[in-house]
Amino acid sequence: MAKTDPLVTVLKLAVEAEEKAALQLKAAQFERQKRQGQLDALNNYRLDYMKQMEGHTGTTLRANQYHQFHQFIRQVDSAINQQVAVVQDGEKQVGYRQQHWQETQQKRKAVEMLLAKKATKEQLAESKREQKMSDEFAMQQYFRNKMK
């Protein structure tokens, strides 16, 4: 039974880690997009509400209606500010996941490079052994022919 090179196992683990990191990055990007969509929805809601209030321009509003309008806008603005923080956190998460994915990718490539160097070295050693055997055979042939 042939002995498995430990680097092959390391490569397998590195590939699995890279795939996991890629999935985590994709999930973080999806979450960021979702958070951004929620922020966009809040901004659109605020804009629609402001347009609706503009439609009341020229009409008389009671003081309590005006107060409720401003209070509601402050609440929406507060929600928007909170969502901006959530979106920024999502951006940071994507950055961290991107960096982690790149690090795992570099590790995988390093192991692949080590395996390639090892294979090249083994191939060179095999070529030298074959050349040595060929030279020995040629010398034996030469001496046999000379002895005749």
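**Notebook: two helices and their contacts**

I looked up F143 first and recorded it as partly exposed, with a relative accessible area of 47%. For this term I noted the cut-offs: buried means under 20% relative accessible area, exposed means over 50%, and partly exposed lies in between (1.4 Å probe, protein chains only). F143 has its place in helix α2. I took helices to be DSSP runs of H or I with at least four residues, numbered from the N terminus.

I noted that this is a predicted model, in which local features need pLDDT of at least 70 and side-chain atom pairs count only at pLDDT 80 or more, while totals for chains, interfaces and linings use all residues. Residues are numbered from 1 along each chain as its sequence is written, and side-chain values use heavy atoms, with hydrogens and water left out.

**Surface patch**

I found that M139, Y142 and F143 make a nonpolar surface patch of about 360 Å². Patch residues have over 30% relative accessible area and no salt bridge; nonpolar side chains (Val, Leu, Ile, Met, Phe, Trp, Tyr) are joined within 5 Å, and like charges within 9 Å. The areas come from the Shrake-Rupley method with a 1.4 Å probe, and for residues only the protein chains shown count as cover.

**Helix α1**

I checked the span of helix α1, residues 6-54. The expected span is 1.5 Å times one less than the number of residues. For 49 residues this should give 72 Å, and the end C-alpha atoms are 72 Å apart, which agrees.

At the N-terminal end of α1, I found D5 acting as a cap, with a side-chain oxygen 3.0 Å from the backbone nitrogen of L7.

I listed the buried residues of α1 as L11, A14, E18, A21, L25, A28, R35, L39 and M53. Their cover includes α2 (63-147). I kept in mind that an α-helix has 3.6 residues a turn, so residues three or four places apart point the same way.

**Salt bridges**

I searched the whole structure and recorded nine salt bridges. A salt bridge is a side-chain nitrogen of Lys or Arg within 4 Å of a carboxyl oxygen of Asp or Glu. Side chains of opposite charge can pair when their charged atoms come close.

R108 pairs with E18, the closest N and O atoms being 2.2 Å apart. This pair links distant parts of the chain, with R108 in helix α2 and E18 in helix α1, 90 residues apart. Both R108 and E18 are buried.

R32 and E91 meet in a salt bridge at 3.7 Å, N to O. Because R32 lies in helix α1 and E91 in helix α2, the pair ties together parts 59 residues apart in sequence. R32 is partly exposed at 25%, and E91 is partly exposed at 40%.

R46 and D77 form a salt bridge at 2.4 Å, N to O. R46 is in helix α1 and D77 in helix α2, 31 residues apart. I entered R46 as partly exposed at 25% relative accessibility, and D77 as partly exposed with a relative accessible area of 25%.

I also noted a network of salt bridges that links E31, K34, R35 and D89.

**Two residues of α2**

I asked which residues Q83 is in contact with, leaving aside its neighbours within four places in sequence. They are R35, Q38, L39 and L42, where contact means heavy atoms within 4.5 Å. Q83 lies in helix α2 and counts as buried at 12% relative accessibility.

Lastly, I looked up K109 in helix α2, which counts as partly exposed at 46% relative accessibility. The C-alpha atoms of K109 and V15 are separated by 9.3 Å, although the two residues are 94 residues apart along the chain.

Note on methods: Helices (H or I, at least four residues) and strands (E, at least two) are DSSP runs, numbered from the N terminus. A polar contact is a pair of N or O atoms within 3.5 Å; within protein, one must be able to donate a hydrogen and the other to accept it, and residues adjacent in sequence count only if both atoms are side-chain atoms.
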